[in-house]
Number of protein chains: 2
Amino acid sequence: MLTKDELPFCPVATTVDLIGNKWTLLIMRELLTGTKRFSELHKAIVGISQKVLTQNLRKMEEDGIVTREVFAEVPPKVEYSLSELGDSLRPIIDSMITWGTDYIQQHLQAEQQDS
Amino acid sequence: MLTKDELPFCPVATTVDLIGNKWTLLIMRELLTGTKRFSELHKAIVGISQKVLTQNLRKMEEDGIVTREVFAEVPPKVEYSLSELGDSLRPIIDSMITWGTDYIQQHLQAEQQDS
DNA sequence: CCGTATCCTCTCCGATACTG
DNA sequence: CAGTATCGGAGAGGATACGG
């Protein structure tokens, strides 16, 4: 039996390969609160272009962390949600939310001391 | 008082800006086990070039998550370690290690079933 | 040993135009 | 609405040579 450090592939490298990317993490942040339409994601994620959003969603779908559902309507409607695998990544994003929240509060305090 | 969701800057975006990057996360993985020399990092992180390693270390130093110590010796010696702020990111990497380890084990099992 | 400087390549990404 | 297709500029990153 291999110990954690002796695994053939580094766990961090594996995780990084899936979500070690700015946009992927921001998309996941949106999907953690539930299913979203393409346009909702586009609006919520400031600075992303339609093209890059599509590219990232396709990659996430390939990797099995996002589910895509197309509705045969006019106008068209496409919904994205986290798969079970995608949802299993929730603790990672949560730890980022926790850390980022603390970090921001520290910086707000520091700025107030400056003024 | 603002609630978590009303903070002026998204916590995830803040965190992503600091460590939402392949190489940064892999460098942090190495430094979590203690101080490392430049050449040790270069050897440990497969696929990174000297230039990119330097660039990332400089950015991490600027962001305050890495400390750089130069020894006035011949041959020169430079040691990198996590700052207190950098070490506070440990829970995030830990959650990635936990998830990645599980993911790899699932895939190893799946491969064994295939054969 | 630990870099920086330069060149050159290659990919990313924005802008735009066009479809079901 | 939710894409795809195409073009072109900007920047990331490799290879190499050189410096403290």
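This is a short guided tour of two protein chains and two DNA strands, with a suggestion at each stop for what to select.

**Before you start**

The model is predicted, so local features need pLDDT of at least 70 and side-chain atom pairs count only at pLDDT 80 or more, while totals for chains, interfaces and linings use all residues. Residues are numbered from 1 along each chain as its sequence is written, chains are lettered from A and ligands numbered from 1 in the order in which they are written, and side-chain values use heavy atoms, with hydrogens and water left out.

**Stop 1: the annotated stretch of chain A**

Select residues 10-108 of chain A. UniProt, in an unreviewed entry, places the feature "domain: HTH hxlR-type" here; such annotations may be inferred rather than shown by experiment. Colour the stretch by secondary structure: 63% is helix and 14% is strand, and the C-alpha atoms at its ends are 36 Å apart. Helices (H or I, at least four residues) and strands (E, at least two) are DSSP runs, numbered from the N terminus.

**Stop 2: DNA strand D**

Now show strand D and the residues near it, meaning those with a heavy atom within 4 Å. There are 17 of them, and the closest are Gln50(A), Arg68(A), Tyr80(A), Ser49(B) and Lys51(B). Which part of the strand do they meet? Sugar and phosphate make up 55% of the atoms of strand D that come within 4 Å of the protein.

Zoom in on some polar contacts (pairs of N or O atoms within 3.5 Å; within protein, one must be able to donate a hydrogen and the other to accept it, and residues adjacent in sequence count only if both atoms are side-chain atoms):

- Ser39(A): a polar side-chain atom is 2.8 Å from a phosphate oxygen of strand D.
- Arg58(A): an N or O atom of the side chain is 2.9 Å from a phosphate oxygen of strand D.
- Arg37(A): an N or O atom of the side chain is 3.0 Å from a sugar or linking oxygen of strand D.

Which element gives the largest share of the surface near strand D? Select helix 4 of chain A, which supplies 4 residues.

**Stop 3: DNA strand C**

Move on to strand C. Of the 17 residues around it, Ser49(A), Lys51(A), Gln50(B), Arg68(B) and Tyr80(B) come nearest. Sugar or phosphate holds 57% of the strand C atoms within 4 Å of the protein, and bases hold the rest.

Try these residues of chain B:

- Arg58(B): a polar side-chain atom is 3.0 Å from a phosphate oxygen of strand C.
- Arg37(B): a polar side-chain atom is 3.1 Å from a sugar or linking oxygen of strand C.
- Pro76(B): here a polar backbone atom is 3.3 Å from a sugar or linking oxygen of strand C.

Helix 4 of chain B gives the most to the surface near strand C, with 4 residues.

**Stop 4: where the chains meet**

Hide the DNA and look at the contact (heavy atoms within 4.5 Å). Chain A brings 33 residues and chain B brings 33 residues. Together the chains bury about 3100 Å², 82% of it on carbon and sulfur atoms; buried area is the accessible area (1.4 Å probe) that two parts lose on being put together, summed over both.

How many salt bridges cross this interface? The count is 0, where a salt bridge is a side-chain nitrogen of Lys or Arg within 4 Å of a carboxyl oxygen of Asp or Glu. There are 5 residue pairs in polar contact across the interface, with both residues at pLDDT 80 or more.

Finally, select helix 1 (11-19), helix 2 (22-31) and helix 6 (90-114) of chain B, which each give two or more residues to the side touching chain A. Helix 6 gives the most, with 12 residues.
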